[in-house]
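Me: I should like to examine the reasoning behind several structural assignments. Please set each value against its criterion.

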2 protein chains.
Amino acid sequence: MHDALVSPEVLVHAGPQARLVDVGKRGGRERNAEQERITAEMIEHARAGLDVVRLKGGDPFVFGRGGEEVAELVSAGIEVVVVPGVSSAIAGPAAAGIPLTLRDLAASVGIVSGHSAGSRADLRAITRLATLDGIARSMLSVLPADRPAAVIYAATTPEQRVVRAPLDLIATAAAAEDLPGPALLVVGEVVEALPKRRLARLLSEVLAG
Amino acid sequence: MHDALVSPEVLVHAGPQARLVDVGKRGGRERNAEQERITAEMIEHARAGLDVVRLKGGDPFVFGRGGEEVAELVSAGIEVVVVPGVSSAIAGPAAAGIPLTLRDLAASVGIVSGHSAGSRADLRAITRLATLDGIARSMLSVLPADRPAAVIYAATTPEQRVVRAPLDLIATAAAAEDLPGPALLVVGEVVEALPKRRLARLLSEVLAG
């Protein structure tokens, strides 16, 4: 049972006896109701004696609803093993050549969802561009206007795009690039710390094969 | 060129033509000088036409000195590709059954090194038990004494140990368990959110084969 962030290149590694269920196309406005159905389906299959793999893009415990699913499964008496993953909150900046920590420059990392309420805490929605302007404005109340910022779209895929600008201009710069969907927003001096364009291009090329 | 956090189970995947260099035993008090020697060695090999893999445990850009190394390499004209990893800051809590985010309970994550200065920002040193008491005391100035806390030692390995206690008692509880080295400290309501002992045991069993 995999979500929309799991690429075909990963799914081919499933054994021939595995039944693949794409639950990523479900959701949208009825996401919470759909989440309940996904969990119920996992419990049903597990009780029928099947091994259920709930495969998520990123890390299941960082804005992935993994905690909610595990709580339901354990309450239902299902044995659960959690396998940590590569969170896009960390992989996205890396793919753009942005180190999250750097000696003498950044000794801590904060990860927040673009949605203030926890009820839609989904990393895919960490920064919908429709709200990027609002997020940047909020940050400007506590951070200087010239703090380097970057918006990373489709991180680590061949479609990866990175837009860089000072915090007060990042929303305008991202809008000008017309990025099609959810993205990561990274703010901090680390954004300008490395010669990053070269890094970003190279990683994309490698991933594109 | 791999560090001490890379296990033998990973190194066996290196091809027969690869020359393995363990740079993890270097360091200690002369860590900064040794870091310079490691970077110089990478540059030397790369200039000799070799492909150099700098293999780190965790994620190279989260308290891994990866940013520093990349900056030096790019300055030297070496092409660099950064491959994101599974940060122990995320994997450790997952292995202990602690979700970093959970709907209605935690909508953001903060990651800090146990060393206040960036000069020794190393995830392996995020909480030396000698300073756990000091860290917990600092946190008590801004967090309630009964905030759930956990110390995770040797996360995801068969030696994994997890100690749980309220924040004001966590240092004493960890000291009583006599954990031998660096560990992760996790603080937040999420520590008590899941039926975690069962999860932790199961993951350790899976990893132990």
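Me: In this predicted model, which residue of β4(B) does B:A149 stand opposite?

Reply: B:A149 faces B:V187 of β4(B).

Me: What makes β2 of chain B and β4(B) a strand pair?

Reply: Pairing requires at least two bridges. Strand β2 (residues 148–153) of chain B is joined to β4(B) by five bridges, so the criterion is met. The two strands run antiparallel.

Me: Why are β3 and β4 of chain B said to stand at the edges of the sheet?

Reply: The open sheet of three strands has the order β3-β2-β4 (chain B), paired antiparallel. β3 (161–166) and β4 (183–187) of chain B each have a single partner strand, so one side of each lacks a neighbour in the sheet. Neighbouring strands are turned by 15° against each other on average, direction ignored.

Me: Why is the link between A:E68 and B:R103 called a salt bridge?

Reply: The cut-off is 4 Å between a side-chain nitrogen of Lys or Arg and a carboxyl oxygen of Asp or Glu. The closest N and O atoms of A:E68 and B:R103 are 3.0 Å apart, so the pair qualifies. The count between chain A and chain B is two salt bridges.

Me: How do you know that β1(A) pairs with β1 of chain B?

Reply: Five bridges connect β1(A) with strand β1 (residues 108–112) of chain B in the antiparallel sense. The threshold is at least two bridges, therefore these strands count as paired. Within β1(B), B:S108 stands opposite A:V112.

Definitions and conventions:
Residues numbered from 1 in each chain as written. Chains lettered and ligands numbered in written order. Predicted model: local features only at pLDDT ≥ 70, side-chain atom pairs only at ≥ 80, totals over all residues. Heavy atoms only, no water. Helix = DSSP H or I, 4+ residues; strand = E, 2+ residues; numbered from the N terminus. Axes fitted to C-alpha atoms, helices over the stretch in contact; angles between N-to-C directions.
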